[in-house]
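Visitor: I am new to this structure and would like a close look at one small part of it. Could you start from a single residue and work outwards from there to its surroundings?

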Amino acid sequence: MTALLEITDLSVDYGEGADSTHAVNHVSFTLEHGEFVGLVGESGSGKSTLGFAVTGLSKPPARVVGGRILLDGVDIASLSSDDLREQRHGGIAMVLQSGMNALNPVRSIRNHFVDIFRAHGHIDRADWGTRAAELVAKVELPSSVLDRFPGELSGGMRQRVSIALALSLEPKLMVFDEPTTALDVLVQHAVMDTIIELQKRENFTALLISHDLGIVLESAQRVLVMHEGEIVEDAPSRQILENPGDDYTKMLLSHYADPRAEVVKLPGFEGRTRRAPAAAPPTVSSRTRRQDQKAIVVEHVSKVYPAPRRGEPQVTAVDDVSFTLEPGQSLALVGASGSGKSTLAKLITAVEKPSAGSVRFGDLDVGSLRRGRFRQLHRDVQMVFQDPYAALNPLHTVEYTLTRPVVNFTGLKGLDARRRVLELLDTVGLSPVEEFAAKLPHQLSGGQRQRVVIARALASNPQVIIADEPVSMLDVSLRAGVLALLEDLRQQWGVSLLYITHDLLSARVVTDNIMVLNGGRVVERGNTAEVLRNPSDEYTIRLLDAIPNPGRRDVA
């Protein structure tokens, strides 16, 4: 039997002529019937470009400039739009990265299925409702979701709907492009379990595209490693784990560790052992410690939101939470999506007011602040947001972005303000500083953008930085640099760090103390290393067990 998919000497460019970019360079591989293969690489490696070319979804300025893509002997690249549409029924389907962006927010889930059934005509109209219910059941969703809209579903539910929509055409090949990137670790684990079980039950061929080698190794039988547009390694999963042949593969593997280990070894954090007990004073030099530093004190705080629909209960996002963030201390708020982490950040920064309890920063009662005193709070308490792509105005240069808070909070102007901007860029490791100051956001990598976001947070000389999932959207090689930067800033600048994450490994390497949230309540707290090495709550154990860690589990 011939292979289901044959890629031969495939090249894909963006643009034309001298300005073209070679995204995929002379790539060749095959996928057999019923095989589960992973394609792993970092942003810019060409893996998503390859995925779109394989499915016939490439759009200008992407151009297939050479090679062949044969699906069951049919050359995908040579098909017209109408023929490609026919090919999709029983042929090929793709699940995109963001479940929210892949679904139309103003159409119900039922209508998403109806659109597919109507377009392809492969199901009688009388059977549309039954078939839609069967498909959502396959991805372990109740039929009631058919009458919901995408905004009413969680991220994991939206991704499951996307998978069900892809299954509706009974494809032989399904391409999953970063299907779990935007999900927390528990939902990510559940979605991958669903994909693995579906692949076995439906016996389709699966190509899993991801920057997370851990997820790929736990799921796929074979792994393709892609770097700078080329396949640098093609081997069974176990061989990739135990005896990687390429230096790039070895680098990807070096970024995995077990947060429960006595010593956590990560690039930039080699030899890091358990931290001192939580009662120990923060290690901030007297040269940098500010004399007026204040603690954040959260006392019995709750936040209740109105019912999303008539007849449904109110939503308690935060339920009787208390903690203190001392000057110079680092504290991780850990939990899955919906646990209340980001809501707490909103309460601390006065974006939301608590339904009960109090939040104090020094002598400021944050929950009762009036507009005139927000400036004082926001000067001392700054945010680093999750998405570095959405956090920066695409029309403004880096210098303009940083100059605004420098002028607003420090009063510096002209050459003094510019000098301060360049100092900030140097602090976050963006050099040569004059070159980066002149760049626009689209000219920066994800890691560089996040460093600009951190520099902006530092512009007011804050006492506290609240980092809300600051590395969740970055490649593994970029995460270590940003995490090391946050740790250095805490040590050298004396800032307090409230680190919000669902990633227990990153929490282990950058924080002294940890607080685990579940359903808005604190279920566990203490010294980070001690809690993660000896968790007492079942929820913390579930979070730890869900972490992709190819070194701890058997791989395919």
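Guide: Gln87 is buried, with a relative accessible area of 19%, where buried stands for under 20%, exposed for over 50% and partly exposed for what lies in between, using a 1.4 Å probe and protein chains only. The model is a predicted one, in which local features need pLDDT of at least 70 and side-chain atom pairs count only at pLDDT 80 or more, while totals for chains, interfaces and linings use all residues. Residues are numbered from 1 along each chain as its sequence is written, and side-chain values use heavy atoms, with hydrogens and water left out.

Gln87 belongs to helix H2, which covers residues 81-88; helices (H or I, at least four residues) and strands (E, at least two) are DSSP runs, numbered from the N terminus. When neighbours within four places in sequence are left aside, Gln87 is in contact with Leu71, Val74, Ile76, Leu79 and Ile92, contact being heavy atoms within 4.5 Å. As for distance, the C-alpha atoms of Gln87 and His255, which are 168 residues apart along the chain, are separated by 40 Å.

Two of these contacts, Leu71 and Ile92, lead on to strands. Leu71 falls in strand S4, residues 62-71, which runs antiparallel to strand S1, residues 5-14, and is joined to S1 by eight bridges; two strands are said to pair if DSSP finds at least two bridges between them. Within this pairing, Val12 has Val64 in S4 as its bridge partner. S1 also pairs with strand S2, residues 21-31, in the antiparallel sense over seven bridges, and there Glu6 has Thr30 as its bridge partner. The hairpin of S1 and S2 has six residues between the strands, and in this hairpin Gly15 takes a positive phi near 85°.

The other contact leads to a second group of strands. An open sheet of six strands follows the order S6-S7-S8-S3-S9-S10, and its pairing is mixed. Strand S6 (92-95) and strand S10 (230-236) are at the edges and have a single partner strand each, so one side of each is left without a neighbour in the sheet. On the S10 edge, six bridges join S10 to strand S9, residues 222-227, in an antiparallel arrangement, with Val223 facing Ala235 in S10 as its bridge partner.

Strand S3, residues 36-40, is worth following further, because five of its five residues are buried and it is thus largely enclosed by the rest of the structure. In a regular strand the side chains alternate between the two faces of the sheet. Both faces of S3 are covered, with buried Phe36, Gly38 and Val40 on one side and buried Val37 and Leu39 on the other. S3 is joined by five bridges to strand S8, residues 205-210, which runs parallel to S3, and Val37 stands opposite Leu207 in S8. S3 also pairs with S9 in the parallel sense over four bridges, where Val40 stands opposite Val225.

Moving further from the starting point, the largest nonpolar core has 60 residues, and those with the most contacts inside it are Leu425, Ile454, Tyr499, Leu504 and Leu543; such a core is a set of buried Ala, Val, Leu, Ile, Met, Phe, Trp, Tyr and Cys residues joined through side-chain atoms within 4.5 Å. A second, separate core of 52 residues includes Val114, Ile163, Leu167 and Val216. Ile163 and Leu167 are among the buried residues of helix H6, a helix that spans residues 155-167 and is mostly covered, with 11 of its 13 residues buried.

Returning to Ile454, this residue touches Val384, Val428, Val482, Leu485, Leu486 and Leu489, not counting residues up to four places away in sequence. Val482, Leu485, Leu486 and Leu489 are among the buried residues of helix H17. The 18 residues of H17 (residues 476-493) should span 26 Å at 1.5 Å a residue, and the end C-alpha atoms are 26 Å apart, which agrees; the expected span is 1.5 Å times one less than the number of residues. Gly494 follows H17 and has a positive phi near 80°.

For the whole setting, the protein chain has 20 helices and 20 strands, and 52% of its 556 residues count as buried.
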